[in-house]
Amino acid sequence: MTDAADAIDLRSDTVTRPSDEMRTAARDAAVGDDVYREDPTVNELEARAADLLGYEAALYVPSGTMGNQVAARTHTERGQEVLVERESHVYKWELAGLSQHAGLQARTVDGGPRGAISPAQVRAAHVEADGHRPGTGLLTLENTHNSKGGTALAPETVDAAAEAAHDLGVPVHLDGARLANAAVARDVPLSRLTREVDSTMTCLSKGLGAPVGSVLAGSKPFVEEARRVRKLFGGGMRQAGVIAAPGLAALENVDRLATDHENARRLASGIDEVEGLAAGEPETNIVLVETATPAEQFLERAAEAGVLGVAFDEYLVRFVTHWDVSAEDVDRAVDRIAAL
Ligand SMILES: *Cc1c(COP(=O)(O)O)cnc(C)c1O
């Protein structure tokens, strides 16, 4: 039995503690009332995020979930359909927010082992509005794809799906919670992955290490309307510079993600050697492990040995590397798992 404080926490890249630099930035942040748009730190974060993601404007939101939900509501009319990948976060893990917040009906598309929706699938699933049918109001994409094990979709794959939607007059939202991981894995700027997409949400609070916050980027008119929807959803914040300042610092951490990816490969290859466990080669910082024993049972024993993960399916476990986990921690995690 390992001491809880000594546990190697691979449940998510959201478990990181803010760095000293982030805490200092929070303390020293210039602030104002952001509902009046008078918080200089939030304004700077929004400008920098818009630039990084390749858009005219961006909106600071408390969470990735809110960013996705605000985007869906802003792009659509009540009663329309939204095309989603069947294992996507926006469909699977956001409490049916698409129906609750935007009055949408979701139509799922199977993106296969990498969670990539093809142009043919977009065309096949598209619904034209008429006297009986609601019409497709939005396509959402996800990169990296969380449930598929952090797969980093190529720019051309994203472009092709988005272009197919646009040909049908349908706007496209990208859930890029871990877009920086995809950019690092694909060795392209983040803005290359958003080129054909109308809006993108990315999380500052995952691999980039901020304690809180996400951004939603798009055209100026889109972000103006999204700001109203954020207010409607209760996400208008006041002296938010205090939390935006660590977010600004987080934007400097894109290149550091390469270390997480290296550690994920190290973890996967170590685990794959263990009898009863199988892990493919990860593309980014997410490692999916197939277990011979039920995932919950495996995780209980792993936790006792000092390694934390989450169950993704009955015989599937997810581990995520992040900046509070070193290569040495990864080796210790593998040793502990091997000893089970
Ligand atoms: C984590 C995550 C979100 C939601 O972000 P929160 O800040 O936890 O609300 C959305 N999409 C994907 C793909 C995610 O992994």
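Student: Between which two helices is the loop that holds Leu95?

Tutor: This is a predicted model, in which local features need pLDDT of at least 70, side-chain atom pairs count only at pLDDT 80 or more, and totals for chains, interfaces and linings use all residues. Residues are numbered from 1 along each chain as its sequence is written, and side-chain values use heavy atoms, with hydrogens and water left out. Helices (H or I, at least four residues) and strands (E, at least two) are DSSP runs, numbered from the N terminus. The loop with Leu95 lies between helix H4 (89–92) and helix H5 (97–102).

Student: What is the phi of Leu95?

Tutor: Leu95 is not a glycine. Its phi is nevertheless positive, at about 55°.

Student: Which residue does a cis peptide bond join to Asn143?

Tutor: The partner sits in the loop between strand S5 (136–142) and helix H7 (155–167). Omega of the bond is about 0°. The residue joined to Asn143 is Thr144.

Student: How many residues surround the ligand?

Tutor: A residue counts as near a molecule if one of its heavy atoms lies within 4 Å of it. The closest are Gly64, Thr65, Asp175, Arg178 and Lys206. The number of residues surrounding the ligand is 14.

Student: Which residue has a polar side-chain atom 3.5 Å from a nitrogen atom of the ligand?

Tutor: A polar contact is a pair of N or O atoms within 3.5 Å; within protein, one must be able to donate a hydrogen and the other to accept it, and residues adjacent in sequence count only if both atoms are side-chain atoms. Gly64 uses a backbone N or O atom, 2.8 Å from an oxygen atom of the ligand. The side chain of Asn146 has an N or O atom 3.1 Å from a ligand oxygen. The residue with a polar side-chain atom 3.5 Å from a ligand nitrogen is His89.

Student: Which strands are at the edges of the open sheet of seven strands?

Tutor: Two strands pair if DSSP finds at least two bridges between them. The sheet has mixed pairing and the order S2-S8-S7-S6-S5-S3-S4. Each edge strand pairs on one side only, and the two are strand S2 (57–61) and strand S4 (105–109).

Student: Which residue of S7 stands opposite Asp175?

Tutor: Strand S6 (residues 172–175) and strand S7 (residues 199–203) run parallel and are joined by three bridges. Opposite Asp175, in S7, stands Met201.

Student: At what angle do the axes of helix H3 and helix H9 cross?

Tutor: Axes are lines fitted to C-alpha atoms, for helices over the stretch in contact, and angles run from 0 to 180 degrees between N-to-C directions. H3 (residues 64–75) and H9 (residues 220–232) have axes that come within 9 Å. The crossing is right-handed, where left-handed would need the near helix to be turned anticlockwise from the far one by less than a right angle, and right-handed is the clockwise case. The axes cross at roughly 115°.

Student: How many residues of the contact of H3 with H9 are charged?

Tutor: Contact means heavy atoms within 4.5 Å, and the residues concerned include Met66, Val70 and Arg73 in H3 and Phe222, Glu225 and Arg230 in H9. Seven are nonpolar and two polar. Ala, Val, Leu, Ile, Met, Phe, Trp, Tyr, Cys and Pro count as nonpolar, Asp, Glu, Lys and Arg as charged, and the others, Gly among them, as polar. The number of charged residues in this contact is three.

Student: Is the crossing of H2 and H10 left-handed or right-handed?

Tutor: Helix H2 (residues 40–53) and helix H10 (residues 241–250) have axes 8 Å apart, at an angle of about 35°. The crossing of H2 and H10 is left-handed.

Student: What is the average twist from one strand to the next in the sheet of four strands?

Tutor: This sheet is open and antiparallel, in the order S9-S10-S13-S12. Its edge strands are strand S9 (277–279) and strand S12 (310–313). From one strand to the next, the twist averages 35°.

Student: Which residue of S13 stands opposite Val310?

Tutor: S12 and S13 form a hairpin with two residues between them. Their pairing is antiparallel over three bridges. Opposite Val310, in S13, stands Arg318.
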